[in-house]
Amino acid sequence: MPRVGKNPLRSRSAPGRNRAGAAGRRSPARLDAARQRSRAPSAPGLVLGVYTSEKDDGAAQFTSAGDAFDRLVSGKLRALLCGPPLKKGKTRIFHGLHQDFPSVVVVGLGKKNAGINEQENWNEGKENIRTAVAVGCRQIQDLEIPCVEVDPCGDAQAAAEGAVLGLHEYNELKQKKKPVVSPQLHGSAESQAWQKGVIYAEGQNLARYLMEAPANYITPIKFAEHIEQKLRTFSNVKVHIRPESWITTQEMGAFLSVAKGSAEPPIFLEIHYLGGAITNDSPLVFVGKGVTFDSGGISLKPSLGMDAMRADMGGAATVCSTIVTAAALNLPLNIIGLAPLCENMPSGKANKPGDVVRAKNGKTIQVDNTDAEGRLLLADALCYAHNFNARAIVNAATLTGAMDVALGSAATGVFTNSSWLWTHLYEASILTGDRVWRMPLFEHYTKQVTDCPLADVSNIGKYSRAGGACTAAAFLKEFVTASHWAHLDIAGVMSNKDEVPYLRKGMAGRPTRTLVEFAARLSQDSHNAK
Ligand code: BES
Ligand code: ZN
Ligand code: ZN
């Protein structure tokens, strides 16, 4: 849904009230835009891309939409843009050029033939479009214009992603909200690609919404109900919200040991999307860590920054949003989503350092640090994932601070026993720009978790913090027998400051689009290919 305002909670406050409220502080540009609008009240804003000219003649290098608009205004746009070229992501605003588009934002796209950049492992052309469109749409939003038409810039999917991701903001709980802006494709060509981009971006925005929301709003049951509600309209989707009693009968002792520290009951969310031609086609199984708040438990975290641990369900949010998106795209494959959901809290019933718990596969685990709780949930969920004869099992988790230390927010760390799986994830990420980087699953790390005084395996590595993301992955591997498994540590990409220019500051919902693209590619890959 391209409309930012369709959300039922959000629509309670009238957007018009915000606009009127902001009138007292209007800048000259906003007043100009408002004056233009009063002549054509329903006229949209327009965002046009312009390439950075490779020649020195100062002539703007328009996209085809830019060219067409310039012809419409008898070359006035070209004349206004003469002089130093607009740098990548920089904008200029023009008012009153044409009555149908009273405000036009022109934004720099960088060089014209940008494509795959081998150093950066992404498609630079697509990234440039996402960034330029996001910047342009936000300018229109600052001008308080409720609708914007967007130049497809030669790649309508990337343009739609830039618009829908760039405008997203969590302001559910604020009385004063940013004006609602609805992005639309400028022109009629490429409308399918535009729509695909809208769906991909909305998938990521759903994950951002769930991650950003406070932990007292998104409890395990609220998370499950939100996803169930998003999937209600699809007849080929079944959602099971499993209660604590079910988790107990499944003998998920590791998951339950974390959950019992909290007053909030745990949930095991199980989603079946049947998009494949044959109902019993082997599914792709996604598993997501769903810790709706991670205080650390008895191994309590420092209070500074602890609020960010409301997003410790980012794995569950990204995999469930991926399935919602796959259903919206009607992807022809079967997908199962599994999300163990609970809080990690300190209490009289909480895990204590040194406790030993038993996972679903019978392995015993010494809980040496109660803050390494994600792997306890995942151990049981991964065991359960083996019930479905999966084509591949892919789990996502905000698992370790060490992952953030290793790669920062540049890429998701992927630990996998399958080069086939790795290739699909990697190729998907080049297109989406939400990158992945392969990490090791060496026996070297396994020894550091299986050398354990009281149990089969310890929940931390014996050399404290060294290789923390790798020892966590080695721990998970103890609960996997499938030959195509990947663990995605998304702790480093959990939030955005300003690193990804088309995402605002806040929880990032990464790498949802990569997972969607990966599922789309798998749905085209023959079963024999693995
Ligand atoms: N949820 C955290 C990891 C995390 C940290 C995610 C920062 C996002 C940002 C996880 O449960 C955790 O606390 N891990 C510990 C493991 C350690 C005790 C071995 C960590 O990373 O410090
Ligand atoms: Zn933790
Ligand atoms: Zn955690």
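**Exercise 1. Locate Asn-389, state whether Asn-389 is buried or exposed, and describe its phi.**

Step 1. Asn-389 sits in the loop that runs between α12 and β16 (392-397). Helices here are DSSP runs of H or I with at least four residues, strands are runs of E with at least two, and both are numbered from the N terminus.

Step 2. Its relative accessibility is 58%, so Asn-389 counts as exposed. The cut-offs are under 20% relative accessible area for buried, over 50% for exposed and partly exposed in between, with a 1.4 Å probe and protein chains only.

Step 3. Asn-389 is not a glycine, yet has a positive phi of about 50°. Most residues other than glycine have a negative phi.

The model is predicted: local features need pLDDT of at least 70, side-chain atom pairs count only at pLDDT 80 or more, and totals for chains, interfaces and linings use all residues. Residues are numbered from 1 along each chain as its sequence is written, chains are lettered from A and ligands numbered from 1 in the order in which they are written, and side-chain values use heavy atoms, with hydrogens and water left out.

**Exercise 2. Carry out the analysis of Exercise 1 for Glu-144, then describe the peptide bond from Arg-510 to Pro-511.**

Step 1. Glu-144 is placed in the loop between α5 (124-142) and β7 (147-150).

Step 2. A relative accessible area of 5% makes Glu-144 buried.

Step 3. Glu-144 has a positive phi of about 60° and is not a glycine.

Step 4. The peptide bond from Arg-510 to Pro-511 is cis, with omega near 0°. Pro-511 is in the loop between β22 (506-507) and α17. Most peptide bonds are trans.

**Exercise 3. Describe the coordination of the zinc ion (ligand 3) and classify its geometry.**

Step 1. List the donors, which are N, O and S atoms within 2.8 Å of the metal (3.2 Å for Na, K and Ca); water is not among the atoms, so sites may look incomplete. The zinc ion (ligand 3) is coordinated by Lys-289 (NZ), Asp-294 (OD), Asp-312 (OD) and Glu-373 (OE), at 2.0 to 2.4 Å.

Step 2. Read the spacing of these residues in sequence: K-x4-D-x17-D-x60-E.

Step 3. Classify. Four donors are tetrahedral if all angles lie between 85 and 135 degrees; four are square planar and six octahedral if opposite donors are over 155 degrees apart and all others between 65 and 115; anything else is irregular. The six donor atoms around the zinc ion (ligand 3) subtend angles of 77 to 174°, so the arrangement is octahedral.

**Exercise 4. Repeat the analysis for the zinc ion (ligand 2), and find the residue that bridges to the zinc ion (ligand 3).**

Step 1. The donors of the zinc ion (ligand 2) are Asp-294 (OD), Asp-371 (O), Asp-371 (OD) and Glu-373 (OE), at 2.0 to 2.2 Å.

Step 2. Six donor atoms subtend angles of 71 to 168° around the zinc ion (ligand 2), which makes this arrangement irregular.

Step 3. The donor residues of the zinc ion (ligand 2) follow the spacing D-x76-D-x1-E. Distant parts of the chain are linked here, with Asp-294 in strand β12 and Asp-371 in the loop between β15 and α12, 77 residues apart.

Step 4. The bridging residue is Asp-294, and the zinc ion (ligand 2) and the zinc ion (ligand 3) lie 3.2 Å apart.

Step 5. Check the burial of the donors. Asp-294 is buried at 3% relative accessible area, as is Glu-373 at 1%, whereas Asp-371 is partly exposed at 22%.

**Exercise 5. Place Leu-515 in its surroundings.**

Step 1. Leu-515 belongs to helix α17 (residues 512-524) and is buried, with 1% relative accessibility.

Step 2. Count contacts as heavy atoms within 4.5 Å. Leaving out residues up to four places away in sequence, Leu-515 touches Phe-286, Thr-318, Val-319, Thr-322, Val-394, Leu-425 and Leu-488.

Step 3. Leu-425 is 90 residues from Leu-515 along the chain, and their C-alpha atoms are separated by 7.5 Å.

**Exercise 6. Characterise the interface between domain 1 and domain 2.**

Step 1. The bounds, from an automatic or database domain assignment, are 45-189 for domain 1 and 213-529 for domain 2.

Step 2. Taken over C-alpha atoms, the domain centres are 36 Å apart.

Step 3. In contact are 21 residues of domain 1 and 15 residues of domain 2.

Step 4. About 1,700 Å² is buried between domain 1 and domain 2, and carbon and sulfur atoms give 55% of that area. Buried area is the accessible area (1.4 Å probe) that two parts lose on being put together, summed over both.
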